[in-house]
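User: Could you take a close look at one part of this model, the loops of the first chain and what they touch, and set out what the coordinates support?

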Amino acid sequence: MKVWSLGLMALWILSCQSTDKEAVNTVVQEEMNSKSEVKTSTLDTIVIEGMQFKPAEMTINPGDTLVWINRDIVMHNVTDDPKEEWTSGDIAVGETWLMVPTSDVEYFCTIHPTMKGKIKITK
Amino acid sequence: MKNNRIGNSLKAVLAFGVIAMSVIACSEKQDAPVVEEEVVEEVAETPVDAPQFNDAQIAHIVVIADQIDVDYGKVALEKSKNEEVIHFAQSMVSDHEQIIKSATELVEKLGVTPEDNDLSKSLLEGQQTILEQFKGLEGAEFDKAYIDNEVAYHEAVIGAVKEILIPSAQNQELKQALTDVMPLLEHHLEMAKMAQAKIQ
């Protein structure tokens, strides 16, 4: 339920954003259970354009949500490198994909294998 | 014999590049026009000596050039058993089909009807030669010919888009679309060269 709430909130925020192509960091407030405790997590954006993940390397905090936005002219995907243990599946032009990494991640696009990215999580 | 066939194949596909370069060479022979200093900047953005294709002709060239690579990819998917070649061909078919779709949507939006021209005719003639040669090749011989052709074809197309089509385009949206496709074409060339190194 919380994940859905976060996802919906993230998409609402994205829909309100301008078409600025720079990576954006948006603070999302996630309501934690029924108490008044509020925890903040960050929504970090990686833009796919010009056959690159931008930024190609990013450091995030534990629990942060990543969103990939495909602003390129062809379909891409985000896939575990090199074992391909997980994948976003196809991300069509104009579409987004969300993920909350639980460990450091290296990924690539299987359609265009030289497109690579790295995510590091602060300890 | 094998090398001769592949050599002929490359010559045929490079016809696109040769034609493109010929057009550039002819245009370079023209005397540079005398321009007033204050209009130099405008001339630099739209060179007066650029080979001229109108937007309707450019639209036709783009669609034909992409369709040709889709066709080559589909032949490779039918004939090849090499994982590297199959993966590359799948990417070419998928990407170039998307470009054709985008290009078609753009020309419809701009109200442009793609217009047949010497360059697109020459591309189609070159394609027929290549497809005929592919028919006679199997296994590793086909894989090598297909990938070598992809390297040569993408090199030629990149040169033509950069040196001819972008400078010729009049509509800014079309010019931007051509500019936006360059990273994809360059990436395809890199992928083709990587595949070429692996199957040698």
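Analyst: What follows goes through the loops of chain A and then turns to the contact with chain B.

This is a predicted model, in which local features need pLDDT of at least 70 and side-chain atom pairs count only at pLDDT 80 or more, while totals for chains, interfaces and linings use all residues. Residues are numbered from 1 along each chain as its sequence is written, chains are lettered from A in the order in which they are written, and side-chain values use heavy atoms, with hydrogens and water left out.

Chain A has one helix and nine strands, where helices (H or I, at least four residues) and strands (E, at least two) are DSSP runs numbered from the N terminus. The helix comes before the strands in the order of elements. Of the 123 residues in chain A, 41% are buried, with buried meaning under 20% relative accessible area, exposed over 50% and partly exposed in between (1.4 Å probe, protein chains only). Among the contacts in chain A with a separation of 6 or more, 46% are between residues 24 or more positions apart, a contact being heavy atoms within 4.5 Å.

Asn77(A) lies in the loop between β5 (65-70) and β6 (79-80), and its relative accessibility of 4% is why it counts as buried. Its side chain makes a polar contact of 2.8 Å with the side chain of Thr79(A) and another, of 2.7 Å, with the side chain of Thr110(A); a polar contact is a pair of N or O atoms within 3.5 Å, where, within protein, one must be able to donate a hydrogen and the other to accept it, and residues adjacent in sequence count only if both atoms are side-chain atoms. Beyond its neighbours within four places in sequence, Asn77(A) is in contact with residues including Phe53(A), Ile91(A), Phe108(A) and Cys109(A).

Ile91(A) belongs to the loop between β6 and β7 (96-99) and is buried, with a relative accessible area of 2%. Outside its neighbours within four places in sequence, the residues in contact with Ile91(A) include Ile48(A), Trp68(A), Met75(A), Asn77(A) and Trp97(A). Glu84(A) is in the loop between β6 and β7 too, but is partly exposed at 48% relative accessible area, and has a positive phi of about 55° although it is not a glycine. That loop also holds Pro82(A), and the peptide bond from Asp81(A) to Pro82(A) is cis, with omega near 5°. A cis peptide bond, with omega near 0°, also runs from Lys54(A) to Pro55(A), where Pro55(A) is placed in the loop between β3 (52-54) and β4 (57-60).

Met51(A), in the loop between β2 (38-49) and β3, has a phi near 60°, a positive value in a residue other than glycine, and counts as buried at 6% relative accessibility. Met51(A) leads on to the interface, where 12 residues of chain A are in contact with 13 residues of chain B. Together, Met51(A), Ile73(A) and Thr114(A) supply 48% of the area that chain A buries against chain B, more than any other three residues. The area buried between the two chains is about 1,000 Å², of which carbon and sulfur atoms give 66%; buried area is the accessible area (1.4 Å probe) that two parts lose on being put together, summed over both. Five residue pairs, both at pLDDT 80 or more, are in polar contact between chain A and chain B.
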